[in-house]
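This briefing sets out the domain division, the interface and the sheets of one protein chain. Please consult the sequence and the structure while reading.

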Amino acid sequence: MSAGLADAWRAARPPVAGLHLDSAACSRQSFAVLDAAARHARHEAEVGGYVAADAAKPVLDAGRAAVAALAGMPDAEVVFTTGSLHALDLLLASWPPGGRTLACLPGEYGPNLAVMAAHGFARRPLPVDGEGRVAVDEAAVGLAADPPDFVHLTPVASHRGVVQPLSEMAHVCAELGLPLVVDAAQALGQVDCAVGADVMYASSRKWIAGPRGVGVLAVRGPLMRRLQPRLPPPDWVSSLSVAQRLELGEANIAARVGFSVALGEHVASGPVAMRARLAEVGRTSRAVLADVGGWRVVEALDEPSAITTLAPVDGLDPARVRAWLIAEHGIVTTSAGVERAPLEMTAPVLRISPHVDATADELTTFAETLALATAAV
């Protein structure tokens, strides 16, 4: 089944120029997604942007419904954003009056930390094990003893492919009556996010393989009604719901249409099958990279993630290696600097994140080329 899924995913896209191992940064859009966005842009030119936006409403509503289903939040209202960071900014800027404390992982994404600080939220670290995975039982005790205003959990980080126990933490938060906010930027489409959190936000461009410049913020009804968007003032727009106020403003509707189509493709492919195939790709990646000199594979072999992180052991510069791989062989990877997780990282790493179409031969080729790059730089 995984071979058929992989072949179908590859056939649905333009041929790749080189080797794309960077889906955790920006995946490859399908012909259908590209065509849908282009058709909407053309429709704007034909009938006007606002008329075209009205015509696109059924597609956008289907995209919202898919997000709510994938999050396990059937009662959620889903707001389109420009991406994950924008979604978090909207949420925290609108957070109800009262306390300003949150609990999050020590390895929290650096830009998220900046947004939290900008909105005056104090952080408390969740306890973790040696792999950076939250220690659920210890966290439950600490959260019960000194509850924050909410728990913010990033199930898969930007700098490491370790999968957090999202379902278990959702259960803990529900038992304690604590809102759970999930940053699913790296998780949506890669791991199961259907845990019924209070908030989930995500990007289009990663594992769902939609366009850049669009994301979503899904908030369950009771919390959504308590949010207080800064703009526009409620007495100016009394007819608009909170969700409508959050989404008000200029928008790239074509990108939202493309994202909605990508969500439909993901659902049609089967989220369970997609997750299983991505985990299989991750295992293969880590197996073939285990013996490449100069690097240490960070994740365990069977980590259920397609992300493989390579930590240099001999002073190698991941940024130089990444640049060499692109310039010499057209292989796209990510060099992740310490700003990705400034409270946890001590040195840059190299990250690969192949999608479901990656073959064992391609991953072996990458391992061999990485050895050449290691010697060359």
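A polar contact is a pair of N or O atoms within 3.5 Å; within protein, one atom must be able to donate a hydrogen and the other to accept it, and residues adjacent in sequence count only if both atoms are side-chain atoms. In this predicted model, 20 residue pairs are in polar contact between domain 1 and domain 2, both residues being at pLDDT 80 or more. Domain 1 comprises 1-29 + 270-376, and domain 2 comprises 31-269.

**Interface between the domains**

- The C-alpha centres of domain 1 and domain 2 are separated by 25 Å.
- Contact between the two involves 40 residues of domain 1 and 40 residues of domain 2.
- About 3,100 Å² is buried between domain 1 and domain 2, with carbon and sulfur atoms giving 56% of that area.
- Of the area that domain 1 buries against domain 2, 20% is supplied by Q29, R275 and E344, more than by any other three residues.
- Two salt bridges are found across the interface of domain 1 and domain 2.
- On the side of domain 1 that touches domain 2, α1 (2-11), α12 (271-289) and β13 (349-352) each supply at least two residues.
- With five residues, α12 gives the most to that side of domain 1.

**Salt bridges**

- The count of salt bridges comes to 15.
- One salt bridge joins the side chains of R28 and D357, at 3.5 Å from N to O.
- This pair links distant parts of the chain, 329 residues apart: R28 is in the loop between β1 (19-20) and α2 (31-47), whereas D357 is in the loop between β13 and α14 (360-376).
- R133 and E303 also form a salt bridge, and their closest N and O atoms lie 2.9 Å apart.

**Seven-stranded sheet**

- Seven strands make up an open sheet with mixed pairing, in the order β2-β8-β7-β6-β5-β3-β4.
- The edges are taken by β2 (76-81) and β4 (122-125); each has a single partner strand, so one side of each is left without a neighbour in the sheet.
- On average, and with direction ignored, neighbouring strands of this sheet are turned by 20° against each other.
- Within the sheet, β5 (residues 150-153) pairs with β6 (residues 180-183) in the parallel sense, over three bridges.
- H152 has V181, in β6, as its bridge partner.

**Four-stranded sheet**

- A further open sheet consists of four strands in the order β9-β10-β13-β12, and its pairing is antiparallel.
- Here β9 (295-297) and β12 (334-336) occupy the edges; because each has a single partner strand, one side of each lacks a neighbour in the sheet.
- Neighbouring strands of this four-stranded sheet are turned by 30° against each other on average, direction ignored.
- The strands β12 and β13 run antiparallel and are joined by three bridges.
- The bridge partner of S335 is L350, in β13.
- Helix α12 packs on this sheet and touches β9, β10 (308-312) and β13; the direction of α12 makes about 25° with that of β10.

**Elements with two roles**

- Helix α12 packs on the four-stranded sheet and also gives the most residues to the side of domain 1 that touches domain 2.
- Strand β13 is joined to β12 by three bridges and also supplies at least two residues of the side of domain 1 that touches domain 2.

Technical notes. Residues numbered from 1 in each chain as written. Predicted model: local features only at pLDDT ≥ 70, side-chain atom pairs only at ≥ 80, totals over all residues. Heavy atoms only, no water. Pairing = 2+ DSSP bridges. Axes fitted to C-alpha atoms, helices over the stretch in contact; angles between N-to-C directions. Domains from an automatic or database assignment. Contact = heavy atoms within 4.5 Å. Buried area = accessible area lost by both parts, 1.4 Å probe. Salt bridge = Lys/Arg side-chain N within 4 Å of Asp/Glu carboxyl O.
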